[in-house]
Protein chains: 2
Amino acid sequence: MNRSNTGANLPTLRSHNAALVLDLLRVAGERGISRLELAERTALTPQAVSKITARLRAEGLATEAGHRASTGGKPRTVLRLVPDAGHAVGLHLDRDELTVVLVDLAGAVVASRRAPLDFGAPAGEVVAAAAREVGVVLGGPGGAGSGGAAEAGPGNPAPTVPDGTGSVSHAVSPGDPPATVLGLGVAVPGPLDHRGGVLHRVTGFPQWDGFPLRDALAARTGLPVVVDKDTNAAALGLSLRADGPGDFAYLHLGTGLGAGLVLGGAVHRGARTGAGEFGHQTVLLDGPLCSCGGRGCIEALCLAAVSGGDAAEAARVLGTGAANLVGLLDIDRVVLGGRTVDADPDAYVRGVRAVIGERVRRDGIGAAVPLVMTVGGDRPVAEGAAQLVLAPLFGRLGGAGA
Amino acid sequence: MNRSNTGANLPTLRSHNAALVLDLLRVAGERGISRLELAERTALTPQAVSKITARLRAEGLATEAGHRASTGGKPRTVLRLVPDAGHAVGLHLDRDELTVVLVDLAGAVVASRRAPLDFGAPAGEVVAAAAREVGVVLGGPGGAGSGGAAEAGPGNPAPTVPDGTGSVSHAVSPGDPPATVLGLGVAVPGPLDHRGGVLHRVTGFPQWDGFPLRDALAARTGLPVVVDKDTNAAALGLSLRADGPGDFAYLHLGTGLGAGLVLGGAVHRGARTGAGEFGHQTVLLDGPLCSCGGRGCIEALCLAAVSGGDAAEAARVLGTGAANLVGLLDIDRVVLGGRTVDADPDAYVRGVRAVIGERVRRDGIGAAVPLVMTVGGDRPVAEGAAQLVLAPLFGRLGGAGA
DNA sequence: CTACTTAAGCAACGCTGTTGCCAAAGTGCA
DNA sequence: TGCACTTTGGCAACAGCGTTGCTTAAGTAG
């Protein structure tokens, strides 16, 4: 059961178990999973699993799909998630670009869109543009099927909006607006309050300080909205790609340096959504001044090495911070991402892996901590943002919880 | 509900709610708490709370204790935890000393005992001595009331054992062996496997590598045993002292430097019980060599400053590490402890607080992070060890979970 | 074709928190 | 003093959860 301070009743129990089964179905993917295996993995009785899966099938969330080979008796029936039973929109607002994806329950991208963005423009304009793009991805100018649709900005009644240069829109199923859109997950750079969906002073963009992004987008799109830091969204999305429930860290090196932490299957945000301040960890006491006012921050050292063209040194600094993090939290897996890393992935993976490996070796116990680059999709943040909406369905605290 | 990968049934539901209520009773302490307040805090209906508290009263865990002032109607009945309904033993094995405490459900120390210890002696001898001391604290040579009692070492049938110099034993209620001892929590220094209760290579004491401490002590005492790192035990115990469920870090500076983390009400251990490796966080790239083989570790810098008599510099280094930790995890509260800090608490609190305060100010948002010394008892580790046993009763994952 | 094994559903059951109702125990005002 | 009102908390009936006992379905092995 999910950690909480509130009591549980029968509906809570029911949805907990349903989420558990749904999560196993999601992880099983197209291979599917049998009722008895679900029973083993959940420690529920087979009969309980039968009842739960019957409900899920009645709701259209699961379906039977073939049989396993017999082991001497009646063959097991394979159950699978029905990906089309629900969708979520992920929106990534970056400093100079906007990315929107529409994903199904399985996390597959159904449609996506990318457009340039001036994050420094007035908040209202950015919100209007974002809502417009969300509407387009959803298959029409009107946005989601429900009420309160997007009051799209000036003009643009056409279904496909040629919105600036480089705007790309490739819907996999263009004329097929999904019936059930569960919500909109939004990932933004700066510090913010996740619970209230209110931004704080994003570095370099003071006009966002105190802006209620969640409520503004909810009013524009008519969808439930969840807002989180870009690194948290990416970490959540990437953590769902792996089978294991192990603790997970995503390190993002782009124009800045940040981290997203997934501990115990849930994004760790801290009380003020401040967790993941990785870039301003001090790794060189009395070192060079950082833009934050401190000295010897990882970010300052890293970016200095990058601008000096010394990727190996940048990787060494980054690796030192990563090793600190792995040691402090006993993290199971680390994933690297971000534009700077993407430009020279081998150097960074090799450099960071070397430092972590040395640390693990010193500490003796503990198998090697896997370190990889982001995989499967060049929009990890936007896809993760969509998972902010979907994760609660699978019992993973991501949007509503904490 | 507590985060888990297993399904939940009605007994699970029941114990979850009971634990929740019990935890609120524990936090309320002697002031007590009314049924309606319990209902508000748990989000359960008043009727459900009535049923749950009736069960707890029938089991002897709770009792009615007076009434609140009326607010215009029938006055609320105050409920309180019955501390004597259960006890737990906490054992702290330090490098040169052994501490045993017997605590009640409320966490109050009922009896305690301290004795010198040579942690470098053969494992069997240490275990025998520890089991003997546990038996003494429990009020007799035979140990716990249940079967499989301590096969106490050579001699010593007397109830109070004058066991070496400086051995102190002051039971509050000498002739009153508690009926229900729920288990034994053990806190030890080195790296270890919490799930299996097996030690790894404790620095300087290679003979403990691979020793199954949990099973050995369970066999000796006949009690359920939970083993954890000393810093984790202390962090758990100290975190329970505060009302808030906020995230918590305990920093221990003694012969070494370590940390215990309590995130979301549960001790964060990581997959291999390795979390909390605070001492070997790098804060000075290419700095002086540390005993661990790395360079620029907090511990190396800190201990160097301490041995040089420069408490201010040690506090500054420690504070840098603490600020890193606070920033990375958005920790709510930090507590300092350990012999070195105890020797000059003001200097360390002032120094560490200054560094954290500066960092928080730079980051803008976020209220000041409270930093205090350990309070209430000079045996925080042993008391925390006892809480390893009690915490699961209150729905706080500490012993069984994770 | 018979015997056996395994998977999965039906029906009855115990137990959970919830709902509707009522008694108990105070305060406040006439 | 007595009546009206407010608030607390238990009793009884209830819907819904997973569990248990048993039956049916659907394969393999000889």
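A residue counts as buried here if 20 or more other C-beta atoms lie within 10 Å of its own. I wrote that down before anything else, and also that this is a predicted model.

**Entry 1: one helix of chain B**

I picked helix H5 of chain B, residues 213-221, and asked which of its residues are buried. I got Leu213(B), Arg214(B), Leu217(B), Ala218(B), Arg220(B) and Thr221(B). Next I looked down the axis of H5(B): the buried residues fall within an arc of 165 degrees, so they line one face of the helix.

What do the buried residues of H5(B) pack against? I found helix H4 (123-137) and three strands of chain B: S8 (181-188), S10 (198-199) and S11 (225-229). I also checked what comes just after H5(B), and there Gly222(B) has a positive phi of about 75 degrees.

**Entry 2: how the two chains relate**

I superposed chain B on chain A. This takes a rotation of 180 degrees with 0.1 Å of shift along its axis, and the RMSD is 0.1 Å. That's how a two-fold axis relates two copies. Both copies use the same surface, too: 98% of the contact residues of chain B recur in chain A.

**Entry 3: where the chains touch**

I looked up the contacts and got 57 residues of chain B against 57 residues of chain A. Which helices of chain B each supply at least two residues of the side that touches chain A? My list reads H1 (10-28), H8 (311-329) and H10 (345-363). H8(B) gives the largest share, six residues. I sorted that side of chain B by class as well: 20 nonpolar, 26 polar and 11 charged residues.

**Entry 4: DNA strand C**

I moved on to the DNA. There are 29 residues around strand C, and Asn9(A), Ser50(A), Gly73(A), Lys74(A) and Thr77(A) come nearest. Both protein chains take part: H2 (35-42) and H3 (46-58) of chain A, plus H1 and H3 (46-58) of chain B, each supply at least two residues of the surface near strand C. By class I noted nine nonpolar, 14 polar and six charged residues on that surface.

**Entry 5: DNA strand D**

Which residues are closest to DNA strand D? I found Asn9(B), Ser50(B), Gly73(B), Lys74(B) and Thr77(B), with 29 residues surrounding the strand. The helices that each give at least two residues to the surface near strand D are H1 (10-28) and H3 of chain A, along with H2 (35-42) and H3 of chain B. By class, the surface near strand D comes out at nine nonpolar, 14 polar and six charged residues.

How values were computed
Residues are numbered from 1 along each chain as its sequence is written. Chains are lettered from A and ligands numbered from 1 in the order in which they are written. This is a predicted model: local features need pLDDT of at least 70, side-chain atom pairs count only at pLDDT 80 or more; totals for chains, interfaces and linings use all residues. A residue is buried if 20 or more other C-beta atoms lie within 10 Å of its own, exposed if 12 or fewer, and partly exposed in between; C-beta atoms are placed from the backbone. Helices (H or I, at least four residues) and strands (E, at least two) are DSSP runs, numbered from the N terminus. The arc is that of the directions from the helix axis to the C-beta atoms. Two residues are in contact if their C-beta atoms, placed from the backbone, lie within 7 Å. Copies are superposed by least squares on the C-alpha atoms of residues with pLDDT of at least 70 in both. Ala, Val, Leu, Ile, Met, Phe, Trp, Tyr, Cys and Pro count as nonpolar, Asp, Glu, Lys and Arg as charged, and the others, Gly among them, as polar. A residue is near a molecule or strand if its C-beta atom, placed from the backbone, lies within 6 Å of it.
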